[in-house]
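Reader: I would like to learn how to read a predicted protein model. Please show me one and take me through it.

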Amino acid sequence: LFTMFYCPKCKSQEVFPEVGGYVGAIYICKDCGYRGSFVLEVDSPEGIKNVEKEERAQKKSGRSSGKEG
């Protein structure tokens, strides 16, 4: 299988390891400038769609619970 890396901030595929080594890699997104050790790894193009769908659902449920209290 082919693994694709996506930026957790803007969902771009323009994510590349900037530094790596003993502790792990630091990735940088060329589109939004995100820099960090966390990236999204998916096995298929449908995978990122599922991530975005879950993210929207969490934001929606987070907003509704915030309005209640």
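Author: We take confidence, then the sheet, then a charged pair. This is a predicted model, in which local features need pLDDT of at least 70 and side-chain atom pairs count only at pLDDT 80 or more, while totals for chains, interfaces and linings use all residues. Residues are numbered from 1 along each chain as its sequence is written, and side-chain values use heavy atoms, leaving out hydrogens and water.

Reader: What pLDDT does the protein average?

Author: pLDDT is the predictor's confidence in each residue, from 0 to 100. Where it is low, the predicted coordinates should not be read in detail. The average here is 81, and 88% of the residues score at least 70. Over residues 64-69 pLDDT stays under 50, and the model has 0 contacts (heavy atoms within 4.5 Å) for them beyond four places in sequence.

Reader: In what order do the strands form the sheet?

Author: Strands (E, at least two residues) are DSSP runs, numbered from the N terminus. Two of them pair if DSSP finds at least two bridges between them. Here 3 strands make an open, antiparallel sheet in the order E2-E3-E4. E2 and E4 are the edge strands, each pairing on one side only. E3 (residues 26-29) pairs with E4 over 2 bridges; Tyr27 has Gly36 in E4 as its bridge partner.

Reader: Which side chains meet in a salt bridge?

Author: Side chains of opposite charge can pair when their charged atoms come close. The rule asks for a side-chain nitrogen of Lys or Arg within 4 Å of a carboxyl oxygen of Asp or Glu. Arg35 and Glu18 meet this way, at 2.9 Å, N to O. Arg35 lies in strand E4 and Glu18 in strand E2, so the pair ties together parts 17 residues apart in sequence.

Definitions and conventions: Helices (H or I, at least four residues) and strands (E, at least two) are DSSP runs, numbered from the N terminus.
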